[in-house]
Amino acid sequence: MKQTDNNPPPRQADAVLTPSDADLRKLATLVSAHAPSDGRFELHVPGVSAVRFSQTSPHLVHAVVGPVLCVVAQGAKSVMLGQEVYEYDASRMLIFSVDLPVTGQVTRASRSEPFLCLRMELDPHRIAELALKVYPDGLSQIQEGRGVYVTEADPGIVNAAARLIELAADPADAELLAPLVVDEILIRLLRSRAGVRVAQIGLANSSMHRIAKAISWLRANYTQPLKVEELAGLAHMSPSSFHQYFKSFTSMSPLHYQKVLRLQEARRLMLSATLDAAAASRQVGYQSASQFSRDYGRFFGNAPARDVARLRKQGVAAAAGVSR
């Protein structure tokens, strides 16, 4: 099911504006200069990186991503969460609010016009501080949705993203001035159509923040047997409410989420640590090698050995395209 923007209306009554071609070309030029080849390149600003891909993805790429803002300057990409597909390009920004195991695919790119994107991690603590200023009277109630969503590209954010990359070129500017531009982007994001949802990333009493806390624990302890009651207690929810909110944000149950984490880590171990399937399955917490092979085949579409051989033939870098 393809997802479109279903967020509440902007706080302002202003008509929604779109980035100009000139602003997008400027952003594309800057991203391209800092991402000289395919891949993701960290800038001199913590949590900010430039991304380039010069061809469409021949295969789906699995990874855990979030919380992050993706601003596309050129090309297009899609992210799949369960059966739902989120498409974004220069007219639409993508926002992850919690850590999510997703599948990604570049859908429009070429050597002459590569996919170019600015990627900025979202700091919950800073969002909480700025949300108090943007929403001094508190947040309105919204219907809970997924932890990933798409909203219209904001001209102010595109312009600020270009200035942020320019500042990243000078270490002194990056240290002193870049944090101000990061704050500007966060404030513009909080004032946008997606603002109320973004604000919930930093609110300690929001259901999103509490589920994110449980997800953080689960990511750190995914090899251990899962006890939903303990995770619910960590989120200060009843087991039934926890299960409902967890599935609302991630599109999967806690047990399925843990399984995806285990399978993705096992795949990484087989690729980078050259472990065989049996050893990798034990290391990620599986008790049965046959069960691991069945789960792996259903999730990745191929048996472990055959899948890893294919990825090695393509090059390991291709298998890590949307890592966090």
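Let's start from one residue and work outwards: I185 is buried, with a relative accessible area of 1%. That value falls under the 20% that marks a residue as buried. The model in front of you is a predicted one, and I185 makes a handy first stop in it. The residue sits in helix 5, which runs over residues 178-190. What does I185 touch once its neighbours within four places in sequence are set aside? Its contacts are L69, M120, I157, A160, A161 and L164. As a further landmark, take D154, which lies 31 residues from I185 along the chain; the C-alpha atoms of the two are 9.8 Å apart.

From that helix we can step over to the largest pocket, since helix 5 supplies at least two residues of its lining. Strand 10, helix 2 (124-134) and helix 7 (207-220) each do so as well. The pocket holds about 570 Å³ of space. Its lining is made up of 30 residues, and those closest to the centre are E121, L122, D123, P124 and H125. Which element gives the largest share of the lining? Helix 7 does, with seven residues. If you are thinking about chemical character, the lining divides into 17 nonpolar residues, five polar ones and eight charged ones.

Now zoom out to the whole chain. The protein has 13 helices and 11 strands. Its radius of gyration is 20 Å, close to the 20 Å that the globule rule gives for 324 residues, so the protein is as compact as a globular protein of that length. Along the principal axes, the C-alpha trace spans about 55 × 50 × 40 Å. Buried residues, I185 being one of them, account for 50% of the 324 residues. Of the contacts between residues at least 6 apart in sequence, 75% join residues at least 24 apart.

How far can you lean on all this? Mean pLDDT for the protein is 89, and 91% of the residues reach 70 or more. Confidence is highest in strand 10 (residues 115-121), at a mean of 98, and this strand is one of the contributors to the pocket lining. At the other end of the scale is strand 1 (residues 2-3), where confidence is lowest, at a mean of 49. Two stretches call for care: pLDDT stays under 50 over residues 3-14, which have 24 contacts beyond four places in sequence in the model, and also over residues 317-324, with 27 such contacts. Where pLDDT is low, the predicted coordinates should not be read in detail.

Conventions:
Residues numbered from 1 in each chain as written. Predicted model: local features only at pLDDT ≥ 70, side-chain atom pairs only at ≥ 80, totals over all residues. Heavy atoms only, no water. pLDDT = per-residue confidence, 0-100. Helix = DSSP H or I, 4+ residues; strand = E, 2+ residues; numbered from the N terminus. Contact = heavy atoms within 4.5 Å. 1 Å grid on protein atoms, 1.4 Å probe; cavity = no way out; pocket = protein on both sides within 12 Å on 5 of 7 lines; lining within 4 Å. Points joined across faces, edges and corners; volume = space filled by probe spheres on them. Nonpolar A, V, L, I, M, F, W, Y, C, P; charged D, E, K, R; others polar. Rg over C-alpha atoms; globule rule 2.2 N^0.38 Å. Buried < 20%, exposed > 50% of the residue type's maximum accessible area, 1.4 Å probe, protein only.
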